[in-house]
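Welcome! Please take a first look at the structure below, and then we can walk through some of its features together.

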Amino acid sequence: LNMPNDLFVVYGSATGNSEHIAKQIAQKIQALQTTDKTFNDVVLCAGNEAVKAHLPKWSENPTSVIIVTSTTGDGDPPENFSRLFRTLKRKTSTVDKICKSVDYAVLALGDTNYSKFCYIGEVTDKKLKECGGNRIMDIVKADEATGLEEAVGGFQDRVYGEFRKAAGGGEQ
């Protein structure tokens with residue numbers, strides 16, 4: 001088994017929903033970590049913070065990233081996610097593959113009453129891949145119009161096991 005890497009749970013949240021869910025995911029994984037060190041450290045942060053503090057390291061070291069983001073207005077990123085979103089959008093045409101060492105999964109929060117349902121999550125998912133990232137599970141889209149619980153719960157239940165498999169730790 002390779003050296004455990006860090007897991008970043010990165011959120012983009014306008015109303016606090018995504019942040020709350022990201023915290024739950026981070027806590028759940030931290031609790032599982034006590035018996036099984038799949039990750040070296042679990043770091044919770046907003047997208048903008050990730051750009052400043054963590055993104056440079058992502059390209060060098062194997063890293064696991066969970067993105068939890070909503071879409072605001074007419075397909076805009078939440079304020080605290082906008083810098084990460086812009087960075088990923090800008091970087092895709094370059095050769096430097098800033099996410100080449102990243103295993104990732106995206107949980108997108110949206111509302112089907114809006115035309116651009118889960119748009120920011122979808123674009124982030126696509127751009128992480130284009131930047132060289134390894135998508136470990138398909139994007140999960142949660143709909144506020146019908147209730148987030150089922151999709152969010154399903155994502156929470158699966159995501160740790162998928163990262164374990166990606167890290168070579170087998171099924172949980």
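## Two packed helices

Helix H1 and helix H6 (residues 149-166) pack at an angle of about 35 degrees, and their axes lie 11 Å apart. Axes here are lines fitted to C-alpha atoms, for helices over the stretch in contact, with angles running from 0 to 180 degrees between N-to-C directions. The crossing of H1 and H6 is right-handed. From H1, the contact is made by Ile21, Gln24, Ile25, Lys28, Ile29, Leu32 and Gln33, and from H6 by Val152, Phe155, Gln156, Asp157, Val159 and Tyr160; contact means heavy atoms within 4.5 Å. These residues divide into 8 nonpolar, 3 polar and 2 charged.

A word on the model: it is predicted, so local features need pLDDT of at least 70 and side-chain atom pairs count only at pLDDT 80 or more, while totals for chains, interfaces and linings use all residues. Residues are numbered from 1 along each chain as its sequence is written, and side-chain values use heavy atoms, with hydrogens and water left out. Helices (H or I, at least four residues) and strands (E, at least two) are DSSP runs, numbered from the N terminus.

## Four residues to find

Here are four residues with their places and relative accessibility. Buried means under 20% relative accessible area, exposed over 50%, and partly exposed in between (1.4 Å probe, protein chains only).

| Residue | Place | Relative accessibility |
|---|---|---|
| Ile25 | helix H1 | 1%, buried |
| Cys118 | loop between S4 and H5 | 1%, buried |
| Asp125 | helix H5 (residues 119-130) | 6%, buried |
| Lys141 | strand S6 (residues 140-143) | 37%, partly exposed |

What does Ile25 touch, not counting residues up to four places away in sequence? The list is Ile66, Val68, Leu107, Phe155 and Gln156. Glu79 is 54 residues from Ile25 in sequence and 21 Å from it in space, C-alpha to C-alpha.

Asp125 is in contact with Tyr104, Val106, Arg135 and Ile139, leaving aside its neighbours within four places in sequence. Cys118 has a phi near 60 degrees, a positive value in a residue other than glycine.

With neighbours within four places in sequence again left aside, Lys141 is in contact with Ala108, Phe117, Cys118, Glu122 and Ala151. Lys141 and Leu107 are 34 residues apart in sequence, yet their C-alpha atoms are 6.1 Å apart in space.

## Helix H4 and its partners

In helix H4 (residues 82-91), Ser82, Leu84, Phe85, Thr87 and Leu88 are buried. The buried residues of H4 pack against strand S1 (5-12), helix H2 (47-53), helix H3 (55-58), strand S3 (63-70) and H5.

## The largest pocket

The largest pocket has a volume of about 300 Å³. On a 1 Å grid over the protein atoms alone, a pocket is an open set of points where a 1.4 Å probe fits, with protein on both sides within 12 Å along at least five of seven lines, and lining residues have an atom within 4 Å of a point. The volume is the space filled by probe spheres set on the points, which are joined across faces, edges and corners.

This pocket is lined by 21 residues, of which Thr71, Thr72, Asp111, Tyr114 and Glu144 lie nearest its centre. Helix H1 (17-33) and strand S4 (102-110) are the elements that give two or more residues to the lining. The lining residues divide into 5 nonpolar, 12 polar and 4 charged. In this grouping, Ala, Val, Leu, Ile, Met, Phe, Trp, Tyr, Cys and Pro count as nonpolar, Asp, Glu, Lys and Arg as charged, and the others, Gly among them, as polar.

Note on methods
Left-handed = near helix turned anticlockwise from the far one by under 90°.
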